[in-house]
Amino acid sequence: MFSRRRITTTLGLVITAVLVVTAFVPASVSRVRAESGATLVLSAPSIWEDTLTDDMLASFESQYGVDVAVTYTDTAFFGGGPGGASAIDDTLDSTEESIMAADVLYVSSSDLTPFTTAAGYYLDLSPLVSADPSMDSSDFVPAAWQSFQWDNGMWAIPLSVDVILLTYDTAAFDAAGVSYPTSSWTIDDFANAARQLTLYDADGAVDTVGLSTFSGGNNLSVFLRALLGSGVYDSSVIPASPSFSANSDLQYILDTWNQMVQDGVVQGSAGGGGGGLSGSNVPMTVSGINGYTERGFRPGEEAEDSTTAVVLLPGGVAGLTVQGFAVSAGSQNPELAYALAAYLSTQASLASNQFSGSAARYSLMNADATQTTGNAQGGQGGPGGFGGSRTIPDAIQPVVDQGLTSALPASELRYMDYVTSAVDQMSSSGLDAASALQTTEAQAVSDLQTAVARYGTDSLYVVAPTPEPTLAPGKIVLNCAVNTGFSGGRPGGGGDLANQDQWDQLIANFTASDPDIGQVNLTSVNTTDLTELASTYDCFILSSNAVTGSDVSMLLNLDPLMDNDPSFDRNDVIGNTLSQVQQDNMTWALPLAISPQLLQYDTQQFALAGVPEPTSGWSIDVFVDALRTLNQYDNALTPFQPNDPSGSYLLMLIAAYGGLPIDYRTDPATLNFTDPATITAVQQVLDLVNQGYIGYSSLSQTVASLSFDMSDNPAISTTTLNRFNFGGGRGPGGSDRENTEAYTTYPQGTQYSTISYEITTGYISATAQNPDATYRFLSAVSGASDLFSGIPARQSQLSTYTGEMDAATLAALYQQVNTILNNPNTIVFPTFTEGRGSVTSMFQSYWLFKAFDNYLAGADLQAELEDAQTITQAYLDCVASYTPDTITTTDQPGGGMFEQITTCAMSADPTFTLGGN
């Protein structure tokens, strides 16, 4: 039996390149079947772990007499632009690693490109397709079938597609008096409409752009290609070469687009954006299925009430992103690998995934959502239809269907990523279109030459899967999960951890010495649902404290295990951290590391302004004196520029002045927005903002859009005490900058002490097969300070800490934190990602922060806080109807929990919209 290995290669976010691979002449079907006993390795995205079942593969394995070993890879499904001279080498190296790890690979049109084929990494499937009587090209959407064909080769079998269209809000167009867009619009039409649709705030700054292509994927590339009406490659040579720098039509389009960017009326890409938000309130977006199934719909809203409409892109076309299966050029069984790729393309349950809009095969588009295919030919079963479980409004469906028939094959987007790179260069460097296109075309040509030079230089082969180890008699397997949150790991869950080597070494050392555990299977996950984790794993580790406010009945009380552990001393755990993971006087999690919020300050700026350094912390009065002195020294700069999207920095400053708008000492937290002490303290802090001492980004916008603006090189800012943030000039300016950073705790008040910190926590399931051994593993984890981004939760482990900060500085800061935590008047505020900083409690603070915004805009503070308390209490009363484990789950927008609490938010405040007001 072979293990299901995990690969760290992240597919996508790159442009890759490839030459024509020597054609492979297929053997007869009887010969393929005769090669029984072979093992094929399939690389699939980790989101398919529950979909790519043994039953699905059993039919193929039985028919061909082979074993299929599946490795799961965390795949980036959205393409990105080229990255410069060294990026192509990194891309090719990564691709070579991938194709040597599997015979058959899931690919998308973002990562399977002319570069990776020119380097010889993928097998040309065209001879095998031609020789396969069961492969019916007419069963495929024509543009999907053509999407992986270029340079006289076919490089993958299509599985699924997403159709990219122009989505727009009819209500916004009506309000602006602008005619609805059509497929005959030119770049000038879009420019005029975007300017009329852009919204501005009271200060004249762009609040919402008129047009956005920034919703993931290669939407800007698709849009520009549709406007141009032709490809940007020369197919008279093989491989087809980049050809776009002298195109005057393209130059005009880019110059016009760049002027829109400069005017702030469009948002196009991460580097060539513009102002405003890219959320559901943008009047025009170029987007795929997420745009026209979710854009503009509130939970519970009827489809016919929506003002969302779609139209084909310029030229009457649609864009496509395509997923499929390719065969490694290193496969020792190319015919069998092709047969597996063809078989997988018939599986409707794979074709209907969260990144696709439709199956690539017509025969799968209306497949039964509960079945799986039983043979290699045909298409019965699996969740079919456009977009899986997502429903497209009837008014939109005809345009989507039309888009499938008039779509541009993904192969038509060859080298368009370099064009969008030219857009970014124009925005960032002030180049005109002709100069930027000349530069990026030269880069594309150079990259292609680099890829061609790779062809035939390496011996390609697929590495055999690793057999599962045989356990010694009496040994058991421990199954544990790790959720690293924002500290590492992969965003989609699954895959290796960022520091997998350290985990592997710890597990090897532990299993070698433990009397009971012979193997530890460690899984990277992205869920924090306690019920799900406890029912699946013996133990699990989270990057935050999930005990507060949760149902812990599925967890094991750790007190008996801790009390019998001679290496564990409760007094060794920093401050009151242990009490933070307790309920009903029982301990449900083992603190593994902590990440306190601190203030970072610039010693050079302090010295120049004559401000004493707060080496032992500071009071609120001393802190404010420092702000005033720094401002007097250089009144062009705002002294304190926080980058804390949770807003905890303001709440802690308010507490230092004696106010508690939200009292986190109770569970649930108590609202005190209208308490006189709170109103006075809030005004004192916000007046510091008004006086230019504290930088401020609208926190209500932050909560609603989940984004935050950060500033460079301030005199004082916020940071987190962890191993990655310190030393070597790691702040703004890069590693070559002189390190003038120093750190201290937040200012403390006379009535309350404040702190905000995360606790990395370890849990044991109440159903763990060997609780004692599971606890021993967690104990071993707690002693390995290099596994987590935070610092040790136990003072005795500081000596083993291997972070960037020197030992003396760390010890001093650690003692400051310990002193604050031991103060009985200390209030612990939630962080952005900590359990109580979940979506539920972020919305809990939304109306408080909105009151802050309104006061700073001139409104009456007391009236605003009174309204905020009324609305917030109504929201909390609504949320209270949900179960505790649902409330504390930190799902992302789009999940069922998120929709439920968004419904509560809009019920309490009809003006609430996700994406900000």
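**Exercise 1.** Classify Asp263 as buried, partly exposed or exposed, and identify its salt-bridge partner.

*Solution.* Step 1: Asp263 has a relative accessibility of 32% and therefore counts as partly exposed (buried is under 20% relative accessible area, exposed over 50%, partly exposed in between, with a 1.4 Å probe and protein chains only). The model is a predicted one, in which local features need pLDDT of at least 70 and side-chain atom pairs count only at pLDDT 80 or more, while totals for chains, interfaces and linings use all residues. Residues are numbered from 1 along each chain as its sequence is written, and side-chain values use heavy atoms, with hydrogens and water left out.

Step 2: The side chain of Asp263 meets that of Arg195 in a salt bridge, at 2.7 Å from N to O (a side-chain nitrogen of Lys or Arg within 4 Å of a carboxyl oxygen of Asp or Glu).

Step 3: Arg195 belongs to helix H8 (residues 187-197) and Asp263 to helix H10 (residues 248-263), so the pair ties together parts that are 68 residues apart in sequence. Helices (H or I, at least four residues) and strands (E, at least two) are DSSP runs, numbered from the N terminus.

Step 4: Arg195, at 34% relative accessibility, is also partly exposed.

**Exercise 2.** Determine the handedness of the disulfide between Cys480 and Cys539, and state which strands hold the two residues.

*Solution.* Step 1: The sulfur atoms of Cys480 and Cys539 lie 1.9 Å apart, which satisfies the criterion for a disulfide (a pair of cysteine sulfur atoms within 2.5 Å).

Step 2: The torsion about their S-S bond is about 105°, so this disulfide is right-handed.

Step 3: Cys480 lies in strand E18 (residues 476-483) and Cys539 in strand E20 (residues 539-542), so parts 59 residues apart in sequence are tied together. Both Cys480 and Cys539 are buried.

**Exercise 3.** Repeat the analysis for Cys878 and Cys904.

*Solution.* Step 1: A disulfide joins this pair, with an S to S distance of 2.0 Å.

Step 2: The torsion of about -70° makes the disulfide of Cys878 and Cys904 left-handed.

Step 3: Cys878 is in helix H30 (residues 861-879) and Cys904 in helix H32 (residues 896-908), 26 residues apart.

Step 4: Cys878 is partly exposed at 24% relative accessible area, whereas Cys904, at 1%, is buried.

Step 5: With 2 disulfides in the structure, the pairing of the bonded cysteines, numbered in sequence order, is 1-2, 3-4.
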